[in-house]
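Work through the exercises below with the model open beside you. Try each task before reading its solution.

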Amino acid sequence: MGKIVLVTGAARQLGGRFVRRIQRDPGVDRVIAVDAVAPAHQLGDAEFVTADIRQSAIARVLAEHSVDTVVHLDVSAKAPGAAGRTTVKETNVIGTMQLLGACQKSPTVQRLVVKSSTNVYGSAPRDPAVFTETTPPKSLPSGGFAKDAVEVEGYVRGFARRRPDVAVCVLRFANILGPEPDSPLADYLALPVLPTVFGYDPRLQFVHEDDVVDVLEIASREPRRGTLNSGTFNIAGDGVLLLSQCSRRLGRPTVPLLLPAVTWVGSALRTIGMTDFSPEQIRLLTHGRVVSTVQMRETLGFRPKFTTADTFAEFARSRGPGLLPPDRVGRAVGRLAGLPLAGGQAGTTHSTHGAR
């Protein structure tokens, strides 16, 4: 008999895509898709089970279906529908605790894959240029999804110690973008005008939705020869983009504000429901974050199809034209960069290396 895979968060767009993909794996016999609400998309031949992972009933689902592989995707920064931040935190943290408790008691579970985030590193002024999987954060996240991700990973490490017989893989994704993104950062980048922190131009990394699904499939099956898919891995596309580059490629003007004003604007945007401009996102848009993907390539054996720039280009195409034509903005910036007052010469560019 092939594997029996249980996937949480199946009602989300990413969860639905992975459920449909994993069914095509010849080594998978059945897929059990789990979520508290029915999905609006098709799940193929997967069996959908309505279950809230915050409740102990998830243990019965594991037992009834003799699940051997659990792919936990119900860890997110954004609430589904009209749910609030409290529901998101409970699902991320309490839901993970309940799921891990069920996995610990299950004699059939052999592999656990957990979707995490590079948010666990935080964003601080004294951060290293590049984070590796073993780099401790300079300042632990104090709230929001970043803190949720830190707590989730702590519970996963505890589970791994208690069940050393289970292969555990934690994937720390950079900002996920693509044609159909579902994240606070994507909502921010969709604003007609982008508020930014005066004096800062952070470095950002992105990973494409297609690459996310591909690497989840690699993590959920037996490792290929010469690779290891147990452990913790940063997942991001090659290269980095500055926020200023992102705004120009979107054709969206920026409004540099002092940090207190940005915080006020963020609160206002959250109040009217335009985007979850949280304090952790403001820190990211101030200090940025870049992670090493050496272990992703050399140990996990995964090479993304999309670079950070490719991923952002596809996202930009899906958003449509902004207020300012990107090509015109690019030419104007190029002319300004060549002026003596700009302190540089035309054609001079600065790049950041070490993201691989």
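Four exercises follow, each with a worked solution.

This is a predicted model, where local features need pLDDT of at least 70, side-chain atom pairs count only at pLDDT 80 or more, and totals for chains, interfaces and linings use all residues. Residues are numbered from 1 along each chain as its sequence is written, and side-chain values use heavy atoms, with hydrogens and water left out.

**Exercise 1. The whole chain**

Task: State how many helices and strands the protein chain has, and what share of its residues is buried.

Solution:
- The protein chain has 12 helices and 13 strands. These are DSSP runs, numbered from the N terminus: helices are H or I with at least four residues, strands are E with at least two.
- Of its 356 residues, 49% are buried. Buried means under 20% relative accessible area, with a 1.4 Å probe and protein chains only.

**Exercise 2. Two helices side by side**

Task: Find how the axes of helix 3 and helix 4 are oriented.

Solution:
- Take helix 3 (residues 85-105) and helix 4 (residues 144-162). Their axes come within 10 Å and cross at roughly 5°. Axes are lines fitted to C-alpha atoms, for helices over the stretch in contact, and angles run from 0 to 180 degrees between N-to-C directions.
- Helix 3 is therefore roughly parallel to helix 4, a label for angles under 35 degrees.
- Now look at the contact (heavy atoms within 4.5 Å). Helix 3 contributes residues including R85, V93 and L100, and helix 4 residues including F145, V152 and F159.

**Exercise 3. Helix 6**

Task: Compare the expected and actual span of helix 6, then decide how enclosed helix 6 is.

Solution:
- Helix 6 covers residues 209-220, 12 residues. The expected span is 1.5 Å times one less than the number of residues.
- That should give 16 Å; the end C-alpha atoms are 17 Å apart, which agrees.
- 11 of the 12 residues are buried, so helix 6 is largely enclosed by the rest of the structure. Among them are E209, V213 and L216.

**Exercise 4. Two buried residues**

Task: Describe the surroundings of N234 and A149.

Solution:
- N234 lies in strand 11 (residues 231-235). N234 is buried, at 0% relative accessible area.
- Its side chain makes a polar contact with the side chain of Y121 (2.7 Å). Such a contact is a pair of N or O atoms within 3.5 Å; within protein, one must be able to donate a hydrogen and the other to accept it, and residues adjacent in sequence count only if both atoms are side-chain atoms.
- A149 sits in helix 4 and is buried at 1%.
- Beyond neighbours within four places in sequence, A149 contacts S116 and V120.

Technical notes:
Parallel < 35°, antiparallel > 145°, perpendicular 65-115°, else oblique. Buried < 20%, exposed > 50% of the residue type's maximum accessible area, 1.4 Å probe, protein only.
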